[in-house]
Amino acid sequence: MISIIIFAVLLLLGFGFFAMNVNKIRTNILMGRDVDRSDNKGERLKVMSLIALGQKKMFKKPIPAILHLCLYVAFVVTQIELLEIIADGLTGEHRVFREALGGFYTFIISFIEVLSVLAFVATFIFLARRNLLKIPRFNMKEMKGWPKIDGNMILVMELILVTFIFMMNGADEVLYSQGLSHAENLGDQSFGFAISQFVGPALFGGMSESSLIIVERIGWWGHILMVFTFLNYLPFSKHFHIILAFPNTYFSNLKPQGQFNNMEAVMKEVKLMMDPDADPYAVPEEGDEDAVVQRFGAKDVEDLTWKNLLDSYTCTECGRCTSSCPANQTGKLLSPRKIMMDTRDRLEEKGEGLRKNGKDYDDGKSLLNDYITEEELWACTSCNACVESCPVNIDPLSIIMDMRRYLVMEESKVPNELAGMISNIENNGAPWQFSPEDRLNWREEK
Amino acid sequence: MSDLMKVPTMAEMTANGEVPEILFWVGCSGSFDDRAKKITKAIVKILNKCEVKFAVLGAEESCTGDPAKRAGNEFVFQMQAMQNIEVLNGYEIKKIVTGCPHCFNTMKNEYPELGGNYDVVHHTQLIQSLIEEGRLQVAGGDTFKGKKITFHDPCYLGRGNNVYEAPREMLSKLDAELVEMRNCKAKGLCCGAGGAQMFKEAEKGDKEVNVKRTEEAMEVKPNIIATGCPFCNTMMTDGVKNKDQENNIQVIDVAELIATAADL
């Protein structure tokens, strides 16, 4: 009875704390400007199924894709066993699904065990890749410190999770074969699970009943405690992508990547300028929502859209964007991954400040300058390689562009040569100093 | 002026009471840059050879605004766009072919929200469809026999708008060997000119992007780097010079290759 109460309290705390932190993230994301992604629901579901569920873009790099797939499928399928653990924990029963599901139960748990072994191997390879092989994208500047620890912590937690599963199933298998397991005896000598029916006797075969029970309980409690720990670690970690990958791909940009968004605020002003009948001194009508003056472009996180902010929390820092970036490949400061990490870190900082000090709080900092420098922004060629390479459809380019817009339109901070190019367009209708009258000269030239 | 170099303007056509099948949007580079003008002329010759009834805007054409938008100046972009749209709508233009992927992307994707709705194609798409319809015969000839050609994908044609096959199908008509770079199609590396970089010095780094891309091209030992964008053409030409390869590698637009193969 006491264990049921402890379990129930842990369960409540585990999910409650998680929900609280998820809600903080949700509030942070909703700080962003609105963008309409409510259209084309069918198409969006398709994109989500292919990219998040189906991992389509991961397969551009087949080896990491297969390793990642092992972890991913193991994680998803293990949730079934987790349901049973929760049911057992709350009822005081043991393996409550077994009798009802019969042979299917054996199949499911066997499937989980096989996947867990694959996941265990994949995790080891991932740890080795991260720490022993010098893969450039895992060893860049922005990966020093916490991001590196974070990456390793997740992998170690996964190893522990799998270890506990086999302690639990292995010791239980030995107990069951001796008729000592708490699970209902169905008249057989073994659970018949694919891995633990061999691993259990091999590892724990000679142990006494009390030792076996202790090992089994450490496995069971250890596993569920790790699950709660892991769950509550997610909102503080890049690993949150396992959840956000789904909404993030659902809300993908469905337009051609080459198309940059239209700035409606600018459109109104330009139309006014070009309309000979417009009254430039007209007072905006009362109740006109657009009368609220918005910044052109983005200086800080609240100037970005909620999708940009969702992108930043979805990023798992894999670095495919940065390793495909032409600016980064040629030694420039720009790293699209850093743009995403900076956006998230600034959003966390800003959100925390607002929660503590009220909604008018200003810490005097901003994403631009305090996190992202002008030099990074001007190094971008807008080639979309980062967007194309992201396995979960994150768009660093639109953040870069919005920050350029702020620099140019609000602060007139533009590289000299570009200022010249823009005034050429205004004066000559071409980015170079040629007379518009000469535009057709090529027709007569030999 | 030979028949193949007939270039009527919209104003001239309208004065004669004629309506073109398609408007050829030449673009700033194609109008003013000496190298790009040759690409423009190749496109003109192909259009005339296929008896496509086309016109250009001439002095009425103006920058689409692409570099201003990519440089962050939405005001200048929209002013350019709206002026162009006024001209295009004034002539009741329905279909446009551009000689530049940046003009193509901007007019196809970014003009509709500002009131400009046209069927916009890139010159590689148009030429490919002319070949497919049998309006253009590409004999192949001996010009490209034994030559290795690699195609450099322009970002705003490829990743930007998912046009990967049209230029490749055109090149497959030549009697040449088409070789792909390690990074091609969706993985293609930028030439370094996009996002208004064409008009400024690069930020501090350890290499120029165009040199890096040229090195990638050199890995497959091509005789010709084929391009579909006047800016890529400039960047790759400079890259080839930087690597002292001018005598071994030519940088040529797909339209020029087709015009040569069709004896134009």
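Two residues are taken to be in contact if their C-beta atoms, placed from the backbone, lie within 7 Å. The model described here is predicted.

In chain A, contact in this sense joins helix α1 to helix α11: A:I25, A:N28 and A:I29 of α1(A) meet A:W306, A:L309, A:L310 and A:Y313 of α11(A). Sorted by class, the residues of this contact are six nonpolar, one polar and no charged. Two packed helices are described by the angle between their axes and the distance between the axes. Here α1(A), residues 2-29, and α11(A), residues 306-314, have axes that come within 9 Å and cross at roughly 140°. Angles over 145 degrees would count as roughly antiparallel; the crossing angle makes α1(A) oblique to α11(A).

The two chains also touch each other, with 54 residues of chain B in contact with 53 residues of chain A. On the side of chain B, the elements that contribute two or more residues are α2, α3 (34-49), α4, α5 (74-90), α6 and α9 (209-218). The largest share, seven residues, is that of α5(B). By class, this side of chain B holds 22 nonpolar, 17 polar and 15 charged residues.

One of these contributing elements, α6(B), can be followed further. Helix α6(B) spans residues 101-110 and is mostly covered, with 10 of its 10 residues buried. Among the buried residues are B:P101, B:C103, B:F104 and B:M107, and also B:K108 and B:E110. The cover over the buried residues of α6(B) includes the strands β1 (22-25), β3 (95-98) and β4 (119-122) and the helices α2 (27-32) and α4 (66-70), which belong to chain B.

Methods: Residues numbered from 1 in each chain as written. Chains lettered and ligands numbered in written order. Predicted model: local features only at pLDDT ≥ 70, side-chain atom pairs only at ≥ 80, totals over all residues. Buried ≥ 20, exposed ≤ 12 C-beta atoms within 10 Å, placed from the backbone. Helix = DSSP H or I, 4+ residues; strand = E, 2+ residues; numbered from the N terminus. Axes fitted to C-alpha atoms, helices over the stretch in contact; angles between N-to-C directions. Parallel < 35°, antiparallel > 145°, perpendicular 65-115°, else oblique. Nonpolar A, V, L, I, M, F, W, Y, C, P; charged D, E, K, R; others polar.
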